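This report covers a helix contact and a strand pairing in one protein chain. The sequence and structure come first.

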Amino acid sequence: EESMQLMVTMEELDEHGPDGIHADRWRIHHGEPPDVRWGVMTIDAGRFKGWFLDGEGLDLRNPLAEGEGAACAAINRDLAPQVQSAAIAEARRRGRPPADWGLESPRVVGIDPEGIDVRGSYGILRIAVDPPLRSPADAAAALRRLAGS
């Protein structure tokens with residue numbers, strides 16, 4: 001009763017086709033898979049605690065996805081010290097030493113309205129943001145703010 005049930009449609013994803021960006025995004029977060037058949041799921045509907053929800057209400061697409069790759073590249077090129085400072089501050093806020101994440105040369109690998117994903121040598125560190133990001137430029141401004149610069 002505490003779990004959401006989803007009805008989905010699954011389609012094969014051609015990693016070399018127009019939607020191949022999804023495979024690229026997965027790789028940048030998780031590395032190269034040993035053997036894979038890519039797929040994309042679309043949520044058609046959901047049910048939770050007696051409520052029936054239309055799939056449109058459960059749309060999880062990232063509204064910043066279109067410019068995400070270019071934004072990450074620009075941030076990594078132009079704001080490397082701020083990325084490192086913000087990531088170190090987030091690691092400390094979580095009560096973990098920055099060395100646990102390997103933050104010697106962290107890289108921004110994802111941006112969405114709720115935060116920024118930074119990859120260190122030992123994993124992905126999620127930096128939540130408030131207010132929500134409305135554009136890739138907001139991500140750069142948030143990193144500057146979080147880094148104190």
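The text below treats the helices, then the strands.

The model is predicted: local features need pLDDT of at least 70, side-chain atom pairs count only at pLDDT 80 or more, and totals for chains, interfaces and linings use all residues. Residues are numbered from 1 along each chain as its sequence is written, and side-chain values use heavy atoms, with hydrogens and water left out.

Helices (H or I, at least four residues) and strands (E, at least two) are DSSP runs, numbered from the N terminus.

| Element | Residues |
|---|---|
| Helix 3 | residues 80-93 |
| Helix 4 | residues 136-147 |

The axes of helix 3 and helix 4 come within 8 Å and cross at roughly 60°. Axes are lines fitted to C-alpha atoms, for helices over the stretch in contact, and angles run from 0 to 180 degrees between N-to-C directions. Contact (heavy atoms within 4.5 Å) involves Gln 82, Val 83, Ser 85 and Ala 86 of helix 3, and Leu 143, Arg 144, Leu 146 and Ala 147 of helix 4.

Pro 81 also lies in helix 3. Pro 81 is exposed, at a relative accessible area of 54%; exposed means over 50%, buried under 20%, and partly exposed in between (1.4 Å probe, protein chains only). Its C-alpha atom is separated by 12 Å from that of Leu 146, 65 residues apart along the chain.

Five of the six residues of strand 4 (residues 107-112) are buried, so strand 4 is largely enclosed by the rest of the structure. Strand 4 pairs with strand 5 (residues 115-120) in the antiparallel sense over five bridges; pairing requires at least two bridges found by DSSP. Gly 110 has Asp 117 of strand 5 as its bridge partner. A hairpin through two residues joins strand 4 to strand 5.
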